[in-house]
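Work through the following exercises with the sequence and the structure at hand. Each task is followed by a solution in steps.

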Amino acid sequence: MTRTIFSTATTLDGYIADESNSLDWLFAVDSPDPQDHLDFLAGVGVLVEGSTTYEWVLREERLLENPGKWREYYGDRPTFVFTSRNLPVPAGADVHCVSGPVHEFFPTLQVAAAGKDIWVVGGGDLAGQFLDAGLLDEIQLFVAPAALASGAPLLPRRIGSDRLTLRSAEQRGQFAYLVYDVARIPAA
């Protein structure tokens, strides 16, 4: 069964990027075992992200100059970028720029996932849109030993404890890895 999962790293104070949309704070922390990420990706059929996240990855990994890296990182999985602009796409990458409410594209995402999971890569507002629409099943957080005091928030909305159930908590390197089940409440 296809699940929609928001999996991301966050600081102790709930930011996923600093005020300049940089992840330098994240790369200062020793990474968990890379096999964990490969195991997660094995269950992912489609990636979804906002334009800020997508443009950051393109820029930081120089994917337009080195398009072969896209397949190395994401394989043949299709990626849907929610944006109101036309964005460049690395040669050979299966990237679709879409705009509009997430619930309108959800059936397309499910088909593209081909029975595997939908990974909401980021950002936090896009993940929140899936939550608001009653389409988010799970939140996986890698909480880093860092605080930013400002920047891009993890989930910029109010979410009551009645919506989240902690399923697991474990140490992965210097990160606290938390998995929450999300109660799917249909959008009003």
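**Exercise 1.** Decide whether Thr 8 is buried or exposed in this predicted model, and list what Thr 8 touches beyond its sequence neighbours.

*Solution.* Start with the location: Thr 8 belongs to strand β1, residues 4–10. Next take the accessibility. A residue counts as buried under 20% relative accessible area. Thr 8 has 12% relative accessibility, so Thr 8 is buried. Finally, collect the contacts, leaving out residues up to four places away in sequence: Thr 8 touches Ile 16, Val 121, Gln 140, Leu 141, Phe 142 and Leu 154.

**Exercise 2.** Do the same for Ala 127: is it buried or exposed, and which residues is it in contact with?

*Solution.* Ala 127 sits in helix α6, which covers residues 124–132. The relative accessibility of Ala 127 is 0%, and therefore Ala 127 counts as buried. With neighbours within four places in sequence set aside, the contacts of Ala 127 are Phe 6, Val 120, Leu 136 and Leu 155. As a distance check, the C-alpha atoms of Ala 127 and Tyr 73 are separated by 21 Å, the two residues being 54 apart along the chain.

**Exercise 3.** Describe the surroundings of strand β4, residues 79–82, on both faces and on its paired strands.

*Solution.* First, the faces. In a regular strand, side chains alternate between the two faces of the sheet. In β4, Thr 79 and Val 81 lie on one side, Phe 80 and Phe 82 on the other, and all of them are buried, so both faces are covered. Second, the pairing. Strand β3 (residues 44–50) pairs with β4 in the parallel sense over 4 bridges, and β4 pairs with β5 (residues 95–98), also in the parallel sense and over 4 bridges. Third, the register. Phe 80 is the bridge partner of Val 48, and Phe 80 stands opposite His 96 in β5.

**Exercise 4.** Which residues of helix α3 are buried, and which elements do they pack against?

*Solution.* Within α3 (residues 51–61), the buried residues are Ser 51, Thr 53, Tyr 54, Trp 56, Val 57 and Leu 58. These pack against the helices α1 (24–27) and α4 (68–74) and against the strands β3, β4, β5 and β6 (117–122). After α3 comes Arg 62, with a positive phi near 50°.

**Exercise 5.** Find backbone exceptions in the loops, starting from Ala 114, Ala 149 and the bond between Gly 122 and Gly 123.

*Solution.* Begin with the expectation: most residues other than glycine have a negative phi, and most peptide bonds are trans. Ala 114, in the loop between α5 (102–113) and β6, has a positive phi near 50°. Ala 114 is exposed, with a relative accessible area of 65%. Ala 149, in the loop between β7 (138–143) and β8 (152–153), has a positive phi near 75°. Ala 149 is also exposed, at 65% relative accessibility. The peptide bond joining Gly 122 and Gly 123 is cis, with omega about 5°; Gly 123 lies in the loop between β6 and α6.

**Exercise 6.** Characterise the protein as a whole: what are its helix and strand counts, and how does its radius of gyration stand to the globule rule?

*Solution.* There are 6 helices and 10 strands. The radius of gyration is 16 Å, close to the 16 Å that the globule rule gives for 188 residues, so the protein is as compact as a globular protein of that length. Of the 188 residues, 47% count as buried. Among contacts between residues at least 6 apart in sequence, 75% join residues at least 24 apart.

Note on methods. Residues are numbered from 1 along each chain as its sequence is written. This is a predicted model: local features need pLDDT of at least 70, side-chain atom pairs count only at pLDDT 80 or more; totals for chains, interfaces and linings use all residues. Side-chain values use heavy atoms; hydrogens and water are left out. Helices (H or I, at least four residues) and strands (E, at least two) are DSSP runs, numbered from the N terminus. The radius of gyration is taken over C-alpha atoms; the globule rule is 2.2 Å times the number of residues to the power 0.38. Buried means under 20% relative accessible area, exposed over 50%, partly exposed in between (1.4 Å probe, protein chains only). Contact means heavy atoms within 4.5 Å. Two strands pair if DSSP finds at least two bridges between them.
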